[in-house]
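Visitor: I'd like to learn how to read a fold like this one. Could we start with the rings and work outward?

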Amino acid sequence: MRKIWIFYCAMPHICCASRCFNTPQQGYALVRFPKEDRYRKIWSDALGENVSSKRSLENLRLCEVHFEPSDLLIVGSRKEVKKNAIPSRFCIAFLR
């Protein structure tokens with residue numbers, strides 16, 4: 001099984017999901033978008049917005065909160081997301 005690695009870094013990254021402001025400094029793992037076009041499209045569609053117009057997908061990160069707990073693996077002190085994991089947990093606000 002191939003995995004996507006999550007790295008904690010000093011870069012000022014923030015989760016790209018709407019209304020989510022989680023950062024590594026708060027203890028959340030951020031994961032890069034997959035390199036494979038197929039998975040990039042699936043992740044982009046899962047976000048429900050045109051993320052490619054927002055920023056380059058290479059610079060976008062999603063936090064661990066948007067994945068099912070079963071999609072996360074803890075290896076040593078690092079968290080990993082399974083390669084076939086699809087982000088599915090998002091805050092949805094309905095306007096009246």
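Guide: Sure. Look for rings that group together: here F33, W43 and F67 make up one aromatic cluster. Keep in mind that this is a predicted model.

Visitor: How many aromatic pairs does the structure hold?

Guide: Two aromatic pairs.

Visitor: And the nonpolar core? Which residues have the most contacts inside the largest one?

Guide: The idea is to look for buried nonpolar residues whose side chains touch. The largest such core here counts 16 residues, and C15, F33, L62 and F67 have the most contacts inside it. At least two residues of this core come from each of β2 (30–32), α1 (37–47) and β3 (61–63). F33 and F67 thus turn up again, having already appeared in the aromatic cluster.

Visitor: Let me step back, then. What pattern does the chain follow along the sequence?

Guide: Reading along, you get β-β-α-α-β-β-β. That makes two helices and five strands.

Visitor: What about contacts between residues far apart in sequence?

Guide: Take contacts between residues at least 6 apart in sequence: 59% of them join residues at least 24 apart. For one distant couple, try E64 and N22: they are 42 residues apart along the chain, with 9.2 Å between their C-alpha atoms.

Visitor: Where is E64 found, and why does E64 count as buried?

Guide: You'll find E64 in the loop between β3 and β4. A residue counts as buried under 20% relative accessible area. E64 comes out at 14%, so it counts as buried.

Visitor: How much of the whole chain is buried?

Guide: Of its 96 residues, 36% count as buried. As for the surface, the chain exposes about 6,400 Å², with 54% of that supplied by carbon and sulfur atoms.

Visitor: Now the strands. How do β4 and β5 run, and how many bridges join them?

Guide: With strands, a general point helps: side chains in a regular strand alternate between the two faces of the sheet. In this model, β4 (residues 72–75) and β5 (residues 78–82) run antiparallel, joined by four bridges. To trace one bridge, start at I74, whose partner in β5 is K79.

Visitor: What do β4 and β5 form together?

Guide: A hairpin, with two residues between the strands. Check the backbone of G76 in the turn: its phi is positive, about 65°.

Visitor: One last feature: which ring does the charged end of R38 sit over?

Guide: That of Y39, with the charged end 5.0 Å from the ring's centre.

Notes. Residues numbered from 1 in each chain as written. Predicted model: local features only at pLDDT ≥ 70, side-chain atom pairs only at ≥ 80, totals over all residues. Heavy atoms only, no water. Buried < 20%, exposed > 50% of the residue type's maximum accessible area, 1.4 Å probe, protein only. Contact = heavy atoms within 4.5 Å. Areas by Shrake-Rupley, 256 points an atom, 1.4 Å probe, with all protein chains shown as cover. Pairing = 2+ DSSP bridges. Core = buried A, V, L, I, M, F, W, Y, C linked by side-chain atoms within 4.5 Å. Phe/Tyr/Trp six-rings, centres within 6.5 Å; stacked < 30°, edge-to-face > 60°. Lys NZ or Arg CZ within 6 Å of the ring centre and 35° of its normal.
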